[in-house]
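This report describes the fold of one chain, from its overall contacts to the arrangement of its strands.

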Amino acid sequence: MPVKLLVVEDEKSILKLLRTILTANKYEVVEASTGAEALSLITSHCPDLILLDLGLPDMDGNTLLSSVRKWTSTPVIVLSARTHESDKVEAIDLGADDYITKPFGASELLARIRMALRHTQTMSQNAQIARTGQFHSGGLTIDYNKYRVYVDGVDAQLTQGEYRIVALLGKYAGRVLTYDFLMKELWGPCSKGDNKILRVNMANIRRKIEKTPAQPKYIFTEVGVGYRMAEGDEP
Ligand code: CA
């Protein structure tokens with residue numbers, strides 16, 4: 001059975017581009033150009049994944065997203081313009097799995113789709129963490145029982161605060177966690193909106209776990225949005 005993707009996009013040229021890329025890669029494509037159309041297609045076609053443009057003629061993509069999230073966990077990738085970082089943050093907070101900035105390349109699009117489809121398996125990854133107490137991604141190991149992080153078998157000597165950040169990102173590996181989400185989870189609901197503490201910690205974490213901190217392999221920065229842990233190894 002081919003994987004079925006619902007593309008919600010009102011711009012004809014982008015829709016055509018998406019259709020070309022996706023069908024060439026053996027995906028079945030269902031198309032909607034308005035939010036209302038999208039809602040009815042989601043119920044009638046049960047897509048495996050939704051690609052969602054935020055700027056729709058009849059409703060805001062985020063409005064559509066929040067109503068979709070009330071009844072389905074189907075992965076949603078938001079398509080957004082670079083100028084709207086706050087929209088991206090909002091979309092992820094509303095439950096989008098990922099976002100792609102326009103203009104995008106075919107290989108990036110396909111990689112993000114494959115990754116989001118694997119998110120449906122995130123539960124099994126979390127089950128693995130629960131079972132083994134460990135998260136693995138390449139040379140990185142998070143040991144949730146010992147509260148330690150190892151790189152190529154060597155203890156990275158993270159501080160307690162640094163460990164908590166890495167441990168949280170590991171639990172949501174492959175997903176972007178917004179600064180806001182991280183701040184609230186790590187420093188509580190009353191944490192101030194300032195992300196400086198997070199940035200300082202991340203700089204230290206990268207020095208300790210990445211060979212080349214400027215080109216990270218394990219924790220990626222999504223500029224203006226948040227951080228993402230590399231996907232875990234196959235369970
Ligand atoms: Ca649009």
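## Contacts and overall dimensions

In this predicted model, 59% of the contacts between residues at least 6 apart in sequence join residues at least 24 apart. Of the 235 residues of the chain, 49% count as buried. The accessible surface amounts to about 11700 Å², and carbon and sulfur atoms account for 54% of that area.

The chain contains nine helices and twelve strands. Its radius of gyration, 19 Å, is close to the 18 Å given by the globule rule for 235 residues, so the chain is as compact as a globular protein of that length. The C-alpha trace spans about 50 × 40 × 30 Å along its principal axes.

## The five-stranded sheet

Strands of a sheet pair through backbone hydrogen bonds, in either a parallel or an antiparallel manner. Here, five strands form an open sheet with parallel pairing, in the order E2-E1-E3-E4-E5. The edges are occupied by strand E2 (28–32) and strand E5 (98–102); each has a single partner strand, so one side of each is left without a neighbour in the sheet. On average, neighbouring strands of this sheet are turned by 20 degrees against each other, direction ignored.

Strand E4 (residues 76–81) and E5 run parallel and are joined by five bridges. Ala81 stands opposite Lys102 in E5.

## Helix H3 against the sheet

Helix H3 (residues 61–69) lies across three strands: strand E1 (4–8), strand E3 (49–53) and E4. Relative to E3, helix H3 runs at about 155 degrees.

Note on methods: Residues are numbered from 1 along each chain as its sequence is written. This is a predicted model: local features need pLDDT of at least 70, side-chain atom pairs count only at pLDDT 80 or more; totals for chains, interfaces and linings use all residues. Side-chain values use heavy atoms; hydrogens and water are left out. Two strands pair if DSSP finds at least two bridges between them. Helices (H or I, at least four residues) and strands (E, at least two) are DSSP runs, numbered from the N terminus. Axes are lines fitted to C-alpha atoms, for helices over the stretch in contact, and angles run from 0 to 180 degrees between N-to-C directions. Contact means heavy atoms within 4.5 Å. The radius of gyration is taken over C-alpha atoms; the globule rule is 2.2 Å times the number of residues to the power 0.38. Buried means under 20% relative accessible area, exposed over 50%, partly exposed in between (1.4 Å probe, protein chains only). Accessible areas come from the Shrake-Rupley method with a 1.4 Å probe; for residues, only the protein chains shown count as cover.
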